[in-house]
Every structure is written in structure tokens, then in C-alpha cells.
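Colleague: Could you walk me through this model and tell me how each label is earned? I would like to see the reasoning behind the words.

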There are 2 protein chains.
Amino acid sequence: MPKVRQDALRGAAIQAIKDTARHLMAEQGTAGLSVRGIAKALHLTPPALYTYFTSLDDLITALITDNFNALADTLEHARDALPVEDPVAQLEAVMNAYRQWAVDHPVDFQLNYGNPIPGYHAPREITVPAVVRSFVVIVGLIERIVQSERYAPNPPYDTIPPHLQPALRRVITEGGYPVSELALYLSVSGWGEIHGIIMLELFHHIQALVGDTATYYQEQIRRMMRAFGIRPKG
Amino acid sequence: MPKVRQDALRGAAIQAIKDTARHLMAEQGTAGLSVRGIAKALHLTPPALYTYFTSLDDLITALITDNFNALADTLEHARDALPVEDPVAQLEAVMNAYRQWAVDHPVDFQLNYGNPIPGYHAPREITVPAVVRSFVVIVGLIERIVQSERYAPNPPYDTIPPHLQPALRRVITEGGYPVSELALYLSVSGWGEIHGIIMLELFHHIQALVGDTATYYQEQIRRMMRAFGIRPKG
DNA sequence: ATCGTAAAGTTTACGGTGTAAAGCAATCTT
DNA sequence: AAGATTGCTTTACACCGTAAACTTTACGAT
């Protein structure tokens with residue numbers, strides 16, 4: 001089956017294109033992402049890339065998908081590096097890994113969670129499942145914590161906003177996730193909070209206010225967990 | 001002084017350019033922002049715009065500055081529409097106005113708080129003071145609340161993270177703002193939280209999870225205030 | 001009232017972008 | 001060995017920001 005070898009070659013070419021795209025973006029930001037730039041770096045003519053991607057948007061979508069998966073991999077790895085017996089420590093590690101990935105790959109993070117490319121709009125049916133993978137890591141941990149003795153309901157986060165309940169229930173049943181509505185609610189809340197801090201940091205809006213953003217973030221997620229009713233220490 | 005009239009004409013031209021820029025962006029997103037597009041809409045040749053702006057970046061900076069001021073105006077207006085005797089209600093109104101402005105002007109909000117234009121980077125010395133104007137509205141209200149009987153310290157938000165204190169103190173003394181470190185800390189925390197929710201909403205990441213984002217936001221800021229130790233009702 | 005000047009706008013041009021169309025050469029399939 | 005497919009090049013088009021030179025308009029001072 002030479003077809004296999006050829007498919008492998010094609011896969012390698014696609015990988016090379018994505019690698020140089022990422023490399024150029026790392027150097028010059030999203031402005032460095034251009035068909036012609038990639039082609040030049042690969043010693044090809046620009047239209048040659050259209051053998052592998054139908055358009056620049058198509059390439060961007062591929063990059064975004066990879067990013068979401070890389071982020072999810074990182075979170076899962078951070079979770080699995082700690083003992084299952086301490087889900088609180090795992091959650092803290094995962095949230096720190098979330099920020100760390102964003103700080104280490106700012107352009108990629110923006111590509112996914114901002115909208116940095118004029119004219120480009122990510123196809124929902126591709127990005128939504130990819131986002132879910134990361135989110136599931138957080139929800140899974142919070143679910144285990146909520147069911148453990150490390151959790152003690154703490155107002156105002158001890159109840160689910162009534163208006164929110166139907167939506168949460170629908171997500172759980174339709175998605176088939178075996179989690180409680182409370183765990184899902186706390187996850188959404190927490191996600192919004194860490195996302196906000198990270199976005200403000202990425203665009204340099206809070207450095208002047210808080211100084212060291214890493215320790216600020218660290219402290220805030222600890223406090224957030226406490227406010228949620230999650231006890232630190234084992 | 002005919003000079004005055006000419007300056008007025010020049011001002012009107014600049015305003016017309018900014019208006020059409022905003023109009024094009026509202027229709028086609030940040031991709032619609034182009035010198036040539038604006039020129040065509042105004043029945044001018046592209047280089048003619050360089051009489052009023054030295055570059056496209058220059059125009060973008062002007063738009064961003066206007067946005068920050070418009071947002072700050074909106075917040076101040078929301079604050080002043082309610083009696084001074086109820087700073088808690090004022091704060092809630094201001095935070096709702098913050099989201100409402102973002103929802104009403106999504107592209108403008110992205111232009112300010114995202115980084116949607118490849119190759120463009122906002123000059124810090126211009127944007128920072130503009131950001132401060134909005135932030136000051138929030139800090140001012142929280143300061144008044146903290147000093148009132150509506151505030152009762154509530155763990156874990158009753159203390160300031162030790163690492164954070166020097167930075168906050170420096171901001172207060174150097175900026176000359178007559179606010180307590182606690183008010184500033186709570187403001188930063190709150191800002192990060194509402195910012196995160198709004199960003200996730202703008203890029204359609206939480207709609208599937210929470211359904212009605214407006215009521216979710218509303219509920220979350222109420223809970224956040226309670227967690228901070230701010231009592232609702234008068 | 002006129003002249004010099006400055007401002008506003010034009011034309012032209014250069015180098016950049018994404019990508020469609022056609023053609024060529026090598027390789028795989030039968 | 002013949003035909004089809006794949007990878008790639010050449011050419012071309014329509015867009016982009018903006019620099020340079022030139023023309024037109026309107027003003028301020030003499």
C-alpha cells in the first residue's frame with residue numbers, strides 16, 4: 001500500500017505548514033500569519049499550499065483545533081501528575097496549568113479565545129467540542145470534590161440560580177455528562193473568573209494594578225475555591 | 001477668526017471618518033476597517049484620509065480612545081441615574097451598564113479589550129489613562145460601600161493578599177487616588193470576574209452552557225457582591 | 001484686491017495580501 | 001504501457017496601506 005506512505009507524506013506536509021504558521025505567529029503575532037509568508041519559509045509558491053488547505057481560514061481552523069487539543073492535553077496532564085486522592089490539589093494544578101498555557105502560548109490562546117483575525121469566524125461545530133474537552137477536565141474534578149468531604153456548601157455559591165437550572169440540566173442530559181448541576185454551575189463560574197484574569201493579563205491591563213500577575217492569579221483561584229466551599233489542605 | 005471655522009470643518013471631517021469607520025466595522029467586523037473602504041464610502045481617494053490621520057494605526061488609536069471614553073461616560077451616567085444614598089444599587093447598575101455597553105458595541109469592545117487588528121498595538125500611554133476612567137467609577141463606588149454600613153467583611157475577601165499590597169499601595173500613592181487598598185483589591189477582583197463573563201459571552205463560549213447570558217451575568221454580579229461582603233437591599 | 005502660502009485633494013506608483021485558472025511533471029493505479 | 005491523480009509552478013486578478021508628486025482651493029497679510 002504505497003497509499004499509506006503517500007498519506008504519511010501528505011500528513012507531514014500539513015504538519016510542516018502548521019508548524020511554520022505557528023512559528024511565524026510566535027515571532028510576529030497574528031499579523032505574521034500569511035499564505036505567502038508560510039510559502040516563502042517552506043520554499044514553495046503560495047498557491048502550492050492550496051493543495052493542503054482550501055483557504056487561509058481553513059488553516060486557521062486547523063490551528064485552533066490543535067490549540068484546543070493541546071490545551072486539553074496540558075490540563076489532563078497536570079491533573080494526572082497529582083494523586084487522585086487529592087482532587088482539590090488537582091483542581092488547583094489544572095487551573096494554574098490553564099493560565100500557564102495561555103502565558104506560554106499567548107498568540108495561540110488569542111487565536112482561540114479572542115477573535116484576532118479580521119474576516120475569520122471559527123465554525124462552531126468544530127470549536128465547541130474542542131472547548132468542551134478542556135472544560136470537562138475542570139467539571140470532572142469539581143464534581144469529585146463536591147461529592148467528597150472537602151466540600152461544604154458556602155453561601156452565596158451553595159445554590160444554583162433558578163433561571164440557570166433548565167439550561168444546566170439540558171447540557172447534562174443532552175451531553176450525557178454524569179455530573180451534578182452544582183458542579184457544572186461552579187465550573188462555569190470558575191471558568192469565567194480565571195478567563196477574565198487571564199485575558200486582562202494577556203492584554204496587559206492589570207499588570208499596573210497587581211504587579212506580579214502569577215501570584216495574583218494563584219491567590220485568586222485559592223480564594224475562589226474557598227468562596228465556593230472547597231476546603232484547602234488534605 | 002475664520003481659523004475657527006476651518007478647524008471646525010477639519011473636526012467634522014475627522015468625525016465623519018471615524019463614523020464611517022465605525023459603521024463599516026459594525027457591518028463587517030474589524031475586517032471592514034480599511035482606508036480604502038472608508039475613502040470609497042466618503043467619495044474620496046484613499047490618500048486623502050492621510051490629511052487627517054497619519055496612518056491606519058493612528059485612526060484605530062483614535063477609535064479606541066473614543067470607545068474608552070464612551071464606555072466611561074456610560075458608566076458614570078448609570079451611576080448618576082441612581083441616588084447617591086444607595087451606592088450598592090449604583091454599583092450594580094454600573095456593572096450591568098458595563099456588560100450592556102459591551103453587548104451593544106461588541107466590535108468596539110473587542111477593539112479595546114481584545115487585540116483584533118493584526119500588526120496593530122495600542123500605545124500604552126494613551127490607552128492606560130482611558131482605561132482608568134472606567135475603572136475609577138467602580139473603585140469609587142466600592143470605596144463608598146466599604147466605608148458604609150452596607151459592608152461587612154466576609155472571608156475569604158476580607159483581607160488583601162500580602163503579595164499584592166505593595167503594588168496596590170503604589171498605585172494609590174502614585175495615582176493620588178483617595179481610596180483604601182481593600183476597595184482597590186475588591187475592584188480588581190470584580191473587574192476580572194465581569195470581564196471574563198463578558199469575553200466568554202462575546203465570543204459565544206458560554207451561551208450553550210447558561211442559556212440567557214443577561215440573567216446569568218446579573219445573578220453572578222449579585223453573588224459576587226455578596227461574596228465580597230456587600231449587603232443587598234437598603 | 002492681490003499675492004504667497006498652506007491645506008485638501010488628486011493621480012500615480014510600489015510592495016504587500018489571498019486565491020482562482022491553467023498547465024506541467026512526477027507518481028500511483030490498473 | 002496508458003490513464004488518472006497529486007504536487008507544484010506560472011500567470012493573473014482584485015484587494016490592501018501608503019509614499020511622492022502634483023493640482024486645486026481657500027485663507028491671511030500686504
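Colleague: How do the residues of the surface near DNA strand C divide into nonpolar, polar and charged?

Modeller: Bear in mind that this is a predicted model. The residues of that surface near DNA strand C divide into 10 nonpolar, 4 polar and 3 charged.

Colleague: What makes a residue count as near DNA strand C, and which are the closest?

Modeller: A heavy atom of the residue has to lie within 4 Å of the strand. DNA strand C is surrounded by 17 residues, and the closest are A:Val35, A:Arg36, A:Tyr50, B:Thr45 and B:Tyr52. Of the strand C atoms that come within 4 Å of the protein, 61% belong to sugar and phosphate.

Colleague: How do you know that A:Arg36 has a polar contact with DNA strand C?

Modeller: The cut-off for a pair of N or O atoms is 3.5 Å. An N or O atom in the side chain of A:Arg36 is 2.3 Å from a base nitrogen of DNA strand C, so the pair qualifies. Phosphate oxygens of the strand take part too: one lies 2.6 Å from a backbone N or O atom of A:Val35, and one is 3.0 Å from an N or O atom in the side chain of B:Arg10. As for elements, α1 (2–28) and α2 (35–41) of chain A are those that give two or more residues to the surface near strand C.

Colleague: Which residues are the closest to DNA strand D?

Modeller: They are A:Thr45, A:Tyr52, B:Val35, B:Arg36 and B:Tyr50, out of 17 that surround DNA strand D. Here sugar and phosphate make up 57% of the strand's atoms within 4 Å of the protein.

Colleague: What makes the pair between B:Ser34 and DNA strand D a polar contact?

Modeller: A phosphate oxygen of strand D is 3.3 Å from an N or O atom in the side chain of B:Ser34. The limit is 3.5 Å, so the pair counts. By that test A:Arg10 qualifies as well, with a side-chain N or O atom 2.9 Å from a phosphate oxygen of strand D. B:Leu56 uses a polar backbone atom, 2.8 Å from a phosphate oxygen of the strand. The elements giving two or more residues to the surface near strand D are α1 (2–28) and α2 (35–41) of chain B.

Colleague: Why are the two protein chains said to be related as by a two-fold rotation axis?

Modeller: Chain A is superposed on chain B by a rotation of 180 degrees with 0.0 Å of shift along the axis, at an RMSD of 0.1 Å. The two copies are therefore related as by a two-fold rotation axis. In chain A, A:Gly196 has the C-alpha nearest that axis, 1.6 Å from it. The same surface serves both copies, since 100% of the contact residues of chain A recur in chain B.

Colleague: Why is the pair of A:Phe68 and A:Tyr113 called edge-to-face?

Modeller: Two values decide it. The ring centres are 5.5 Å apart, against a limit of 6.5 Å, so the rings pair. The planes stand at 90 degrees, and over 60 counts as edge-to-face, so the label follows. A:Phe68 lies in helix α3 (residues 56–80) and A:Tyr113 in helix α5 (residues 106–113) of chain A, so the pair ties together parts 45 residues apart in sequence. Ring pairs also link A:Phe68, A:Tyr98, A:Phe109 and A:Tyr113 into a cluster.

Colleague: How do you know that A:Phe68 is buried?

Modeller: Buried means under 20% relative accessible area. A:Phe68 has 1% and A:Tyr113 has 2%, so both names are earned.

Colleague: What makes helix α5 of chain A largely enclosed?

Modeller: In α5(A), 7 of the 8 residues are buried, so the rest of the structure largely encloses the helix. Among the buried ones are A:Val107, A:Phe109 and A:Leu111.

Colleague: Why is B:Ala41 called partly exposed?

Modeller: B:Ala41, in helix α2 of chain B, has 43% relative accessibility. Buried would need under 20% and exposed over 50%, so B:Ala41 counts as partly exposed.

Methods: Residues are numbered from 1 along each chain as its sequence is written. Chains are lettered from A and ligands numbered from 1 in the order in which they are written. This is a predicted model: local features need pLDDT of at least 70, side-chain atom pairs count only at pLDDT 80 or more; totals for chains, interfaces and linings use all residues. Side-chain values use heavy atoms; hydrogens and water are left out. A polar contact is a pair of N or O atoms within 3.5 Å; within protein, one must be able to donate a hydrogen and the other to accept it, and residues adjacent in sequence count only if both atoms are side-chain atoms. Helices (H or I, at least four residues) and strands (E, at least two) are DSSP runs, numbered from the N terminus. Copies are superposed by least squares on the C-alpha atoms of residues with pLDDT of at least 70 in both. Contact means heavy atoms within 4.5 Å. Rings of Phe, Tyr and Trp (its six-membered ring) pair if their centres lie within 6.5 Å; planes under 30 degrees apart count as stacked, over 60 as edge-to-face and the rest as tilted. Buried means under 20% relative accessible area, exposed over 50%, partly exposed in between (1.4 Å probe, protein chains only). Ala, Val, Leu, Ile, Met, Phe, Trp, Tyr, Cys and Pro count as nonpolar, Asp, Glu, Lys and Arg as charged, and the others, Gly among them, as polar.
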